[in-house]
Amino acid sequence: TIPLKEALWDLLGFVSPSAKKIGAVNTLVMKDGRLEGHNTDWVPIAAALSRRTTGRALVAGAGGAARAACFAVVEKGWKLVVYARNPEKGKALADAFGGAYVQSLSPAEMASIGAVISTVPGSAHFTVPCLESKPLIFESAYIPKETKLVEQGRQAGCEVVLGVDMLLGQGFEQHKLWCGSSLSEDHQREVTSRVLEFYAEST
């Protein structure tokens, strides 16, 4: 996790093509005596974007998860817009994936955004100035379960994907890499139910 997704590179004997393009790993697999690096963070983001008509997608943040989000956006044919408080990092990230960087968000800027993907910590209380276009809201933070952005999205009537959904989605992809097979749909539902029960009990 943060900040190790980008710091492990020199320890790896193999890096998957998607992780190479992303420039960060979140999954390690020991295979044939060498350590492999993979990235599964982008998979649930790409799945959510696939349910919508392509357009402009806003990625908030500039860390390893943001890189995965940018990769998913480009991979699915969306136009990338990056917002980050650090202009240097934000511009570098946008340039790396052929996107545009914005230093501030305005209602005019948000009017053409079809998806908002937040990769900043839940404690940052990130929100956007306007959701009139009813974009997809994709939250990567899973603590707290209901971030300020999620609350804003629900109030505006947007489709919302919770951070816990991303956590589970990328975890199911990790299971494939570690165990060599996918969890059955029944098992996925059981795992999802148990995780949601945990959240219900802890809030």
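**Entry 1, the second largest pocket.** I began with the lining of the second largest pocket in this predicted model, and sorted by residue class it gives 10 nonpolar, 4 polar and 4 charged residues. The space inside comes to about 330 Å³, and of the 18 lining residues I noted Pro 44, Ala 47, Asp 165, Gly 169 and Phe 172 as the closest to the centre. Which helices supply the lining with at least two residues each? I found H2, H7 (163-179) and H8 (185-202), and H7 gives the largest share, with 7 residues.

**Entry 2, helix H2 against helix H3.** Since H2 had turned up in the pocket lining, I looked next at how H2 meets H3. Two packed helices are described by the angle between their axes and the distance between the axes. For H2 (residues 42-50) and H3 (residues 64-75) I recorded axes that come within 8 Å and cross at roughly 40 degrees, and the crossing is right-handed. On the H2 side the contact is made by Trp 42, Ile 45, Ala 46 and Leu 49, while H3 contributes Ala 68, Ala 69, Phe 71, Ala 72, Val 73 and Glu 75. By class, these residues are 9 nonpolar and 1 charged, with no polar residue among them.

**Entry 3, the open sheet.** I then traced the sheet of 6 strands, which is open, pairs in parallel, and has the order S6-S5-S4-S7-S8-S9. Why is one side of S6 (100-102) and of S9 (160-161) left without a neighbour in the sheet? Both strands stand at the edges and each has a single partner strand, so one side of each stays unpaired there. Further in, I followed S4 (residues 56-60) alongside S7 (residues 113-118), a parallel pair joined by 5 bridges, where Val 59 lies opposite Ile 117 of S7. Helix H2 came up again here, as it packs on the sheet and touches S7, S8 (136-139) and S9, with its direction at about 170 degrees to that of S8.

**Entry 4, strands S1, S2 and S3.** Last, I checked the strands around S3 (residues 34-38). S1 (residues 14-15) runs parallel to S3 and is joined to it by 2 bridges, with Phe 14 having Glu 36 of S3 as its bridge partner. S2 (residues 27-31), by contrast, runs antiparallel to S3 through 5 bridges, and Thr 27 stands opposite His 38. How many residues lie between S2 and S3 in their hairpin? I counted 2, and noted that Asp 32 in the turn has a positive phi of about 55 degrees.

Key
Residues are numbered from 1 along each chain as its sequence is written. This is a predicted model: local features need pLDDT of at least 70, side-chain atom pairs count only at pLDDT 80 or more; totals for chains, interfaces and linings use all residues. Side-chain values use heavy atoms; hydrogens and water are left out. Axes are lines fitted to C-alpha atoms, for helices over the stretch in contact, and angles run from 0 to 180 degrees between N-to-C directions. A crossing is left-handed if the near helix is turned anticlockwise from the far one by less than a right angle, and right-handed if clockwise. Contact means heavy atoms within 4.5 Å. Ala, Val, Leu, Ile, Met, Phe, Trp, Tyr, Cys and Pro count as nonpolar, Asp, Glu, Lys and Arg as charged, and the others, Gly among them, as polar. Two strands pair if DSSP finds at least two bridges between them. On a 1 Å grid over the protein atoms alone, a cavity is a set of points where a 1.4 Å probe fits but cannot get out, and a pocket is an open set with protein on both sides within 12 Å along at least five of seven lines; lining residues have an atom within 4 Å of a point. Grid points are joined across faces, edges and corners, and a volume is the space filled by probe spheres set on the points.
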